[in-house]
There are 2 protein chains.
Amino acid sequence: MLSAVERKIEQYIIELDDRDVVRLYRKLPHGKRLRAKLILKIAGNSLRVTKTAATVEMIHAASLLHDDVIDDAYTRRNQPSINALYGNKTAIMLGDILYSKGFYELNDIDKNVSKVISNAVTQLSLGELNDVTLSESFNIDKSLYMKMIYQKTASLIEASSEAAAILAGKRVEPYRIYGRNLGLAFQMIDDLLDITSDSKTLGKPALHDFVEGKTTLPYIYLYEKLSADDRSRLVSLHAKRLSTKDQEWIKSQMHKYHIVEQSYGEAKQLIDEAIELMQEAGEPALSGIAKDMIDRSF
Amino acid sequence: MLSAVERKIEQYIIELDDRDVVRLYRKLPHGKRLRAKLILKIAGNSLRVTKTAATVEMIHAASLLHDDVIDDAYTRRNQPSINALYGNKTAIMLGDILYSKGFYELNDIDKNVSKVISNAVTQLSLGELNDVTLSESFNIDKSLYMKMIYQKTASLIEASSEAAAILAGKRVEPYRIYGRNLGLAFQMIDDLLDITSDSKTLGKPALHDFVEGKTTLPYIYLYEKLSADDRSRLVSLHAKRLSTKDQEWIKSQMHKYHIVEQSYGEAKQLIDEAIELMQEAGEPALSGIAKDMIDRSF
């Protein structure tokens, strides 16, 4: 079924009638197509559903293109990113092309679906903006972090579930919560992997987020646990290149206070709620997707 | 009436419920609101029309934000641009926020209007991409230039006229051609001003386009007229910093072959057609807007 989505995306790209765009699109990694999978699992596979899944994946690809420019990221899924290969200008414009083509196609699907998806794009752009703003100082406010990852990551996954429920005529609420929890947990685990994985697995230096100024949940929890002196030490390392000694100190403190377990536990709680909701709704496949997410790389 | 559009945009911005965005939006120059003016003149001033004009101006502002990043432009209407003040990341994200909020609001106006506008955004993004690609070499193909400025500049003005005609229940065709011609002429004149104006009036160095690699219509026409030797000389200057002597040589050759007159004549022909169409349609105000455009700065 996912192959029908791939073909639909390809058709949309060809309709743009621009050789450069076809060539550039071929350079984009497809990724896991998580959002399309959710949509198909929730809403089956009519043409409307395939189209919705295709537009959402185009929109997601657009957001990653802009995200890589924002983060100065030169790899994406272990391949060079479009901004690395062709520069920021091309990445920005290809993103705008995919966004607007996605919005155009949504007009012919369903007005409510279109509103849910376009609102999610506003949210994820606000989230990206807040991610940059929060990185300017050592953020210790968990609610700001949670709001930002909701906007940046969870909003489009939530919207995908909600849109699929609308298309399938199912009760929207459990699917919305399912999608939101999945998205929040996804980002929380991603942030944890930045701490627990080695550079090789990540394809970027370890503790990269902290070097970039991002105080993700583990740093917020660690800060809460540390003594005044150690707090100062942690804050002094924020947004700087870290020596091996500093890296080891941060990791040892995380270990001492069981920070990874605490953060992981919080992600797991969100996933457990999502699993329970889908068990109640009689959706074992969706429970399975949630289970797989919490198990990845741990 | 334009003030109702400004209030509606402000309301949309406030609905985003993000302090940073409100603050950033205040830094954006409003510009001439040409697209909103066209929409109001064509479709009167119901709430639907005001909303359409507001979304189109938000979308236009988004495109300028990305355009300034693409062009490394640090001023916009003689004020520092958002990318100059807050960096490219903020400009990209603010653009995405304005785009997606615009698309969201279009869902509640009219499906056909929404399709016309979102298609124009695809076109203008393709146009920006092609503008960059064409700048990589000395382009002598007029049809590629015309297609690019149609996409980059005319598409959203055309879409504004067409959308307004749809909302007003008027026959779409003459308004579409009017908008397209206006947009094409607007860009052709803008490209001419880069040659005829001095640095102070432009707020950027003279012959800036050519230095940036853009062979706009006058350069294409000049190339056609020059001898083989002079062609080589012109091509050798492409996309380089120009000495005063080189600048003077280019200007003198433009003068010798009446290139400005030729290019201006072509823009004027498009405007004359637009004026005639609106006279036939009994729209004197729209004829007036077209007349004003061809008269600016000449």
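How many helices and strands make up the secondary structure of chain A? Select chain A in this predicted model and display the cartoon: the secondary structure amounts to 15 helices and two strands.

**Stop 1: chain A as a whole**

Keep chain A selected and view it along its principal axes, where its C-alpha atoms fill a box of roughly 60 × 50 × 30 Å. The radius of gyration of chain A is 20 Å; a compact globule of 298 residues would have one near 19 Å, so the two values agree. Colouring by burial would mark 49% of the 298 residues of chain A as buried. The contacts of chain A may be shown next, restricted to residues at least 6 apart in sequence; of these contacts, 69% join residues at least 24 apart.

**Stop 2: the two domains of chain A**

Colour residues 1-109 of chain A as domain 1 and residues 110-298 as domain 2. A distance of 23 Å separates the C-alpha centres of the two domains. Where they meet, domain 1 of chain A contributes 24 residues and domain 2 of chain A contributes 24 residues.

Which elements give two or more residues to the side of domain 1 of chain A that touches domain 2 of chain A? Select α3 (34-43), α4 and α5 of chain A. Of that side, α4(A) supplies the largest share, nine residues. Colouring the side by residue class gives twelve nonpolar, seven polar and five charged residues.

**Stop 3: the interface between the chains**

Now display chain B together with chain A. In the contact between them, 31 residues of chain A meet 31 residues of chain B. On the chain A side, the elements that give two or more residues are α4 (47-70), α5 (82-106) and α6 (111-134). Select α6(A) in particular, as it gives the most to this side, with 13 residues. By class, the side of chain A that touches chain B holds 13 nonpolar, ten polar and eight charged residues.

How are the two copies related? Superposing chain A on chain B takes a rotation of 180 degrees with 0.0 Å of shift along its axis, and the RMSD is 0.0 Å. This is the relation of a two-fold axis. Both copies use the same surface, since 100% of the contact residues of chain A recur in chain B.

**Stop 4: helix α4 of chain B**

Select residues 47-70 of chain B, which form helix α4. Its 24 residues, at 1.5 Å a residue, should span 34 Å, and the end C-alpha atoms lie 35 Å apart, which agrees. Is this helix mostly covered or mostly open? Helix α4(B) is mostly covered, with 22 of its 24 residues buried. Move just past the end of α4(B) to D72(B), which takes a positive phi of about 45 degrees.

**Stop 5: I157 of chain B**

Finally, select helix α8 of chain B, residues 142-168, and centre the view on I157(B) within it. Is I157(B) buried or exposed? I157(B) is buried, because 26 other C-beta atoms lie within 10 Å. Leaving aside residues up to four places away in sequence, I157(B) touches R35(B), G179(B), L182(B) and G183(B). As a last distance, select the C-alpha atoms of I157(B) and I13(B): these residues are 144 residues apart along the chain, and the two atoms are separated by 23 Å.

Definitions and conventions: Residues are numbered from 1 along each chain as its sequence is written. Chains are lettered from A and ligands numbered from 1 in the order in which they are written. This is a predicted model: local features need pLDDT of at least 70, side-chain atom pairs count only at pLDDT 80 or more; totals for chains, interfaces and linings use all residues. Two residues are in contact if their C-beta atoms, placed from the backbone, lie within 7 Å. Helices (H or I, at least four residues) and strands (E, at least two) are DSSP runs, numbered from the N terminus. Ala, Val, Leu, Ile, Met, Phe, Trp, Tyr, Cys and Pro count as nonpolar, Asp, Glu, Lys and Arg as charged, and the others, Gly among them, as polar. Domain bounds come from an automatic or database domain assignment. A residue is buried if 20 or more other C-beta atoms lie within 10 Å of its own, exposed if 12 or fewer, and partly exposed in between; C-beta atoms are placed from the backbone. The expected span of a helix is 1.5 Å times one less than its number of residues. Copies are superposed by least squares on the C-alpha atoms of residues with pLDDT of at least 70 in both. The radius of gyration is taken over C-alpha atoms; the globule rule is 2.2 Å times the number of residues to the power 0.38.
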